[in-house]
Amino acid sequence: MSVMKRFISTMLLGVLCIFVLVGCGDGSNIEKNGNITQLKMILIGDTPSRYEEIYGKLNEMLREDIGAEVSVEYIPYSAKTDKYPLLFSSNENFDIVFTGNWLDYNSNASKNSFYELTEDFIAENAPKTYETVPKSAWKQATVNGKIYMIPNTALEYEDYIYIVRGDFRKKLGLDELKTAEDFEAYLTGLAQKYPEITPITDLNAIAYIWSTNADENYRENFGGYRNGIMYAWDDNTGTPIYNNMTDRYERYIYKVRDFVDKGVIPADLVSNKSVANMFENGVAGTYVANLETAVNKYKTWSKAHPEWELELCDFSGDKPMKANSYINNGLSINRNSKNPEKAMQFIELLRNDERYFNLTWYGVEGEDWEDKGDGVIHAIPDEKGDYFDLGCNWGWKNQSMLKVRDDELPFKLDTMEKWVTNTYENPAANFVADDSNVKNELAALSSATTQYAQPLQYGMIEKSEIPAALQEMRSQVTKAGIEKILSDFDKQIKEFLAE
Amino acid sequence: MDSYVIKKDRVNRTVLKPGGGFFKQLIQYKYLLIMLIPVLAYYIIFSYLPMFGVVLAFKNYNYADGIFKSPWVGLKNFEFFFQSGSALLVTRNTFLYNIAFIFVNLILQLVVSIGISEIGNKYIKKVSQTFMLFPYFISWVVVSIFCYNLFSMDYGLVNTFRAMMGLGKVNIYAEAGAWKYILVMLNAWKGVGYGSIIYLAAITGIDTSYYEAAKIDGANAFQRIRHITIPSIVPSIITVVLLNLGSAFRGNFGMFYPLVGNNGLLFNATDVIDTFTYRALMNQNDFGMSSAVGLYQSLLCFIFIMLANGIVKKIDSDSSLF
């Protein structure tokens with residue numbers, strides 16, 4: 001009996017092992033079912049609550065139009081640095097994938113992750129897209145001479161918008177915040193009178209208001225954070241300049257330390273892990289985000305905490321703005337896709353067909369929204385008071401298809417209008433360097449900046465010790481090879497502009 | 001026992017060795033061998049097969065060509081590590097932290113396990129053991145939040161206490177020197193309970209008649225520990241220490257990164273190979289360069305464990321691992 005038992009348990013263990021091994025195998029999801037092609041699309045974010053309903057409706061149309069069905073797999077934001085790159089290295093089976101320069105589009109493209117989109121291929125399978133996507137957008141999506149992405153074509157700005165607490169502003173006896181000086185008075189006032197509130201936790205915003213935006217000679221559109229470093233181009237000579245070497249940077253360092261001394265920024269911000277929820281929990285004085293997010297958060301939080309009397313502020317003044325690059329969001333086709341043509345036809349429909357676009361952007365007509373004509377819609381909330389949001393539909397965002405809500409905040413419309421009329425065009429604004437020649441230097445630089453620049457940027461160095469620390473930082477980044485990086489990039493920028 | 005034969009081993013000791021041919025032994029030990037299959041499968045799949053991946057360290061990897069067809073680049077992937085000038089510092093930090101962790105934990109684990117084994121009351125014994133084990137199950141990320149609440153400049157317990165005593169506040173997150181001790185202490189706090197289980201098991205295995213004999217001869221508790229307990233568990237100690245030394249050049253990323261994070265002021269005292277690599281390469285997503293560092297660590301670990309094992313073998317050949 002016991003021999004039998006032992007035998008059975010051994011067998012079971014063996015079976016278990018086999019299952020584990022089988023689980024590692026290639027589970028192909030693409031199968032032809034009748035004449036319907038199954039497409040799989042990968043998007044970023046959490047699966048929307050109405051996924052089944054919306055994509056069910058979409059598939060009904062899709063079956064008729066091109067004989068295909070699509071299923072979507074969502075990768076959570078938190079997994080975008082680990083699970084997302086694995087999609088390509090593990091040869092997973094999918095057809096369409098959301099991509100963008102914040103998801104390392106360039107590096108993934110240069111590693112041959114995507115299906116190459118030749119002009120003929122685009123023209124044949126997506127004629128409207130081929131016509132309407134501007135040449136400059138295709139050019140941005142070009143890596144090593146080949147196109148791998150269908151970029152979105154919407155006007156977006158990454159400029160900061162600030163939500164502040166109106167209740168505190170009034171208690172501090174301040175007028176509405178309109179300029180950087182007003183904002184500073186609000187922050188220092190908070191630090192003095194309400195020590196339990198952290199006035200601000202976003203250092204990028206401080207860098208932006210008191211360093212880059214305050215610099216007459218600096219145009220935000222020149223340069224930015226790319227290839228893991230902050231650099232800009234000299235307006236006159238066109239040569240790249242490393243941000244940490246500029247006077248602008250120095251001004252920022254002193255400003256941050258000043259804020260730390262005044263209690264506006266906590267001295268150990270670098271180690272605080274709960275920064276993200278502080279405003280929501282009522283213990284921070286400012287929330288910083290881009291226009292879209294800030295307005296959405298403003299609506300939600302105003303409803304939840306009317307007593308906070310939240311206010312939206314814009315301190316960009318009349319500086320010319322840079323529009324986001326087209327390749328900030330887009331869709332690519334997987335190199336291993338078995339149906340690239342169908343995938344392309346599907347993207348064409350998403351981008352250019354009213355029915356598909358409205359369904360994925362605004363929901364079901366009559367249920368989630370009503371057409372008011374002239375590109376204006378009235379959005380209808382569900383019983384919980386929430387409006388339709390499918391998430392991650394930015395890959396096929398198309399300015400000519402977008403509609404305006406009839407109850408949109410005037411702040412958003414005004415700000416957008418101000419920015420659109422004052423947009424700065426820069427031919428090199430969307431240049432992304434090929435870093436293969438300077439990988440070692442970039443790695444050394446990345447490590448040196450976290451070690452020597454971060455403490456300065458977080459205001460952790462005493463004012464009297466800043467000059468020495470700045471010098472140390474600059475000598476370390478020089479040692480890491482910043483000059484080699486910049487001269488390599490300079491060559492590439494010149495080539496890029498000459499094209 | 002008919003299949004055993006008496007033989008002489010290489011140092012001329014008389015031992016029992018299994019007799020019969022290879023196949024006869026295969027049949028005789030079939031159950032033991034079957035029990036070995038899952039372990040073998042595990043090591044083959046997760047340790048031996050991926051070993052071929054070390055070629056990545058010498059390649060410029062791209063997805064289309066895959067691991068084996070990507071072009072060779074020689075030692076180029078290693079350059080960034082040595083070029084940075086931090087290679088020596090982070091290697092030294094990694095090694096010294098691990099050595100400190102191993103020996104501080106060892107001493108505390110011995111004290112705890114001997115202490116617990118000497119406690120007569122069964123109830124106190126169980127309770128204290130359980131409490132010791134608790135920290136092991138807390139994630140380092142959670143520990144890092146405890147830490148922030150202890151050491152934070154404005155709200156931290158330590159600074160609030162200092163303020164109460166009339167001492168000035170200190171930003172502990174800017175004091176590199178303090179972190180050497182904080183890290184070793186936290187690691188000990190977290191690892192002692194779990195590690196002491198092994199020694200406790202070894203102590204339980206000691207024949208009680210030794211202790212009875214010692215008592216009759218008039219040995220006190222300390223003498224019994226000194227002359228019976230410790231000598232009896234020395235083989236376990238050596239095995240555990242040797243196993244830990246095998247990863248002396250691998251930094252515990254799961255510990256260092258949550259606790260130190262991107263706080264550059266602390267790096268000179270806290271940077272280990274793994275955190276350095278993460279920082280240098282997180283923007284690049286380059287498989288070749290990260291494999292190169294992995295290979296460098298493996299090589300150092302290999303050399304070091306061979307040395308350590310060789311030394312142990314010289315001193316006491318029965319205690320060595322292989």
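This short talk goes through the contact between chain A and chain B, and then the largest cavity.

Before I begin, please keep in mind that this is a predicted model, in which local features need pLDDT of at least 70 and side-chain atom pairs count only at pLDDT 80 or more, while totals for chains, interfaces and linings use all residues. Residues are numbered from 1 along each chain as its sequence is written, chains are lettered from A in the order in which they are written, and side-chain values use heavy atoms, with hydrogens and water left out.

Let me start with the interface. Chain B gives 41 residues to the contact and chain A gives 39, where contact means heavy atoms within 4.5 Å. Together the two chains bury about 3600 Å², with 52% of it on carbon and sulfur atoms; buried area is the accessible area (1.4 Å probe) that two parts lose on being put together, summed over both.

Turning to the cavity, which is a set of points on a 1 Å grid over the protein atoms alone where a 1.4 Å probe fits but cannot get out, I note that the structure holds 3 of 30 Å³ or more. The largest has a volume of about 60 Å³, a volume being the space filled by probe spheres set on the points, which are joined across faces, edges and corners. Among the residues that line this largest cavity are F256(B), Y257(B), D271(B) and R279(B), and lining residues have an atom within 4 Å of a point.

Terms used. 1 Å grid on protein atoms, 1.4 Å probe; cavity = no way out; pocket = protein on both sides within 12 Å on 5 of 7 lines; lining within 4 Å.
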